[in-house]
Amino acid sequence: MRKTGLIALALGLALTLSGCLIVLVPPEVYDLTYRSSWLRTSDKKPVICDNQDTTVEYSFKYTNLQNISSWTETWTGSASSQFNFTENRYPNSPEVTGVTVDTASKTITVTRTFSRGTSPFSVTPQSITITPINPPPTSQTGEARLDLKFNLTDGNTILLPRITLPVYSGCQI
């Protein structure tokens, strides 16, 4: 009798669960990658050089471009000086410098150049030529952090994992 009760319970549970539909929806933005025009020679980690122009590029994949209304790129950190700035980005604005949308691979790439000298940041469209830091600097002078917050057309937001780049001085070509 006890077996019959367990069998009946299992059948009831199976019937109940058979009415449930589980749908797995891919995230709207995913697969965040980044690189820099400077690499630390010891471990090939991308870095920013505060005494050289440094181009940083990040890219991510998207599920449906129409679902992304904008994203906020926030840079904070310290090196030879403190910095904190935010820029709003839009996937469908061709006038935005440094943003490339590849609809074939569903990838958005953003390029930013950190300039040495009077203005620590500027944006210029260009490709990255990677230069190893040779010889490696003796010490890290700071770090730069990038946070990305995506605003979706349905009102939701997505935060991607933070990117942290070490900052070095004394980089030589």
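**View 1. Asp31 in strand 1, a partly exposed residue with a positive phi.** With a relative accessibility of 44%, Asp31 counts as partly exposed, because that class covers values between 20% and 50%. The model shown here and in every other view is a predicted one. Asp31 has its place in strand 1, and its phi is positive, at about 60 degrees, although the residue is not a glycine. As background to this backbone setting, most residues other than glycine have a negative phi.

**View 2. Lys44 in the loop between strand 2 and strand 3.** A positive phi also appears at Lys44, where the value is near 65 degrees in a residue other than glycine. Lys44 belongs to the loop that lies between strand 2 (38-40) and strand 3 (46-49). The relative accessible area of Lys44 is 55%, so the residue is classed as exposed, the cut-off for that class being over 50%.

**View 3. The open sheet built from strands 1, 4, 8 and 7.** Four strands make up an open sheet in which the order is 1-4-8-7 and the pairing is antiparallel. Its edges are formed by strand 1 (29-36) and strand 7 (99-102), each of which pairs on one side only. From one strand to the next, the twist averages 15 degrees. Asp31, the subject of the opening view, is located in strand 1, and strand 1 is one of the two edge strands of this sheet.

**View 4. The pairing of strand 7 with strand 8.** Strand 7 and strand 8 (residues 107-114) run antiparallel to each other and are joined over four bridges. Within this pairing, Asp102 has Thr107 of strand 8 as its bridge partner.

**View 5. The aromatic pair Phe60 and Phe150, with the ring cluster that contains it.** In the whole structure, a search finds four aromatic pairs. One of them is formed by Phe60 and Phe150, whose rings are arranged edge-to-face with 4.8 Å centre to centre and 75 degrees between the planes. This pair connects distant parts of the chain, since Phe60 is in strand 4 (residues 54-62) and Phe150 is in strand 10 (residues 140-152), with their positions 90 residues apart. Both Phe60 and Phe150 are buried. The arrangement extends to a further ring, as ring pairs link Phe60, Trp71 and Phe150 into a cluster.

**View 6. The aromatic pair Trp75 and Phe114.** After the pair of Phe60 and Phe150, both of which are buried, this view turns to Trp75 and Phe114, an edge-to-face aromatic pair with 4.9 Å centre to centre and 75 degrees between the planes. Here too the pair links distant parts of the chain, with Trp75 in strand 5 (residues 68-78) and Phe114 in strand 8, 39 residues apart. Trp75 and Phe114 are both buried.

**View 7. Ser69 in strand 5 and the residues around it.** Ser69 is found in strand 5, and it is classed as partly exposed because its relative accessible area is 35%. When neighbours within four places in sequence are left aside, the residues in contact with Ser69 are Tyr90, Pro91, Asn151, Leu152 and Thr153. For Leu152, which is 83 residues from Ser69 along the chain, the separation between the two C-alpha atoms is 5.4 Å. Toward Asn151, the side chain of Ser69 reaches the backbone oxygen at 2.8 Å.

**View 8. Gly142 in strand 10.** Gly142 lies in strand 10 and counts as buried, because its relative accessibility is 12% and the limit for the buried class is under 20%. Gly142 and Asp50 are 92 residues apart in sequence, whereas their C-alpha atoms are 9.4 Å apart in space.

**View 9. The whole chain, as context for the close-ups.** The protein chain contains one helix and 12 strands, and from the N terminus on the helix comes ahead of the strands, in the order α-β-β-β-β-β-β-β-β-β-β-β-β. Of the 173 residues in the chain, 37% are buried. Among contacts in the chain with a separation of 6 or more, 66% are accounted for by residues 24 or more positions apart. The chain exposes about 10200 Å², and carbon and sulfur atoms supply 56% of that area.

Note on methods. Residues numbered from 1 in each chain as written. Predicted model: local features only at pLDDT ≥ 70, side-chain atom pairs only at ≥ 80, totals over all residues. Heavy atoms only, no water. Pairing = 2+ DSSP bridges. Axes fitted to C-alpha atoms, helices over the stretch in contact; angles between N-to-C directions. Phe/Tyr/Trp six-rings, centres within 6.5 Å; stacked < 30°, edge-to-face > 60°. Buried < 20%, exposed > 50% of the residue type's maximum accessible area, 1.4 Å probe, protein only. Contact = heavy atoms within 4.5 Å. Areas by Shrake-Rupley, 256 points an atom, 1.4 Å probe, with all protein chains shown as cover. Polar contact = N/O pair within 3.5 Å; in protein donor to acceptor, adjacent residues only side chain to side chain.
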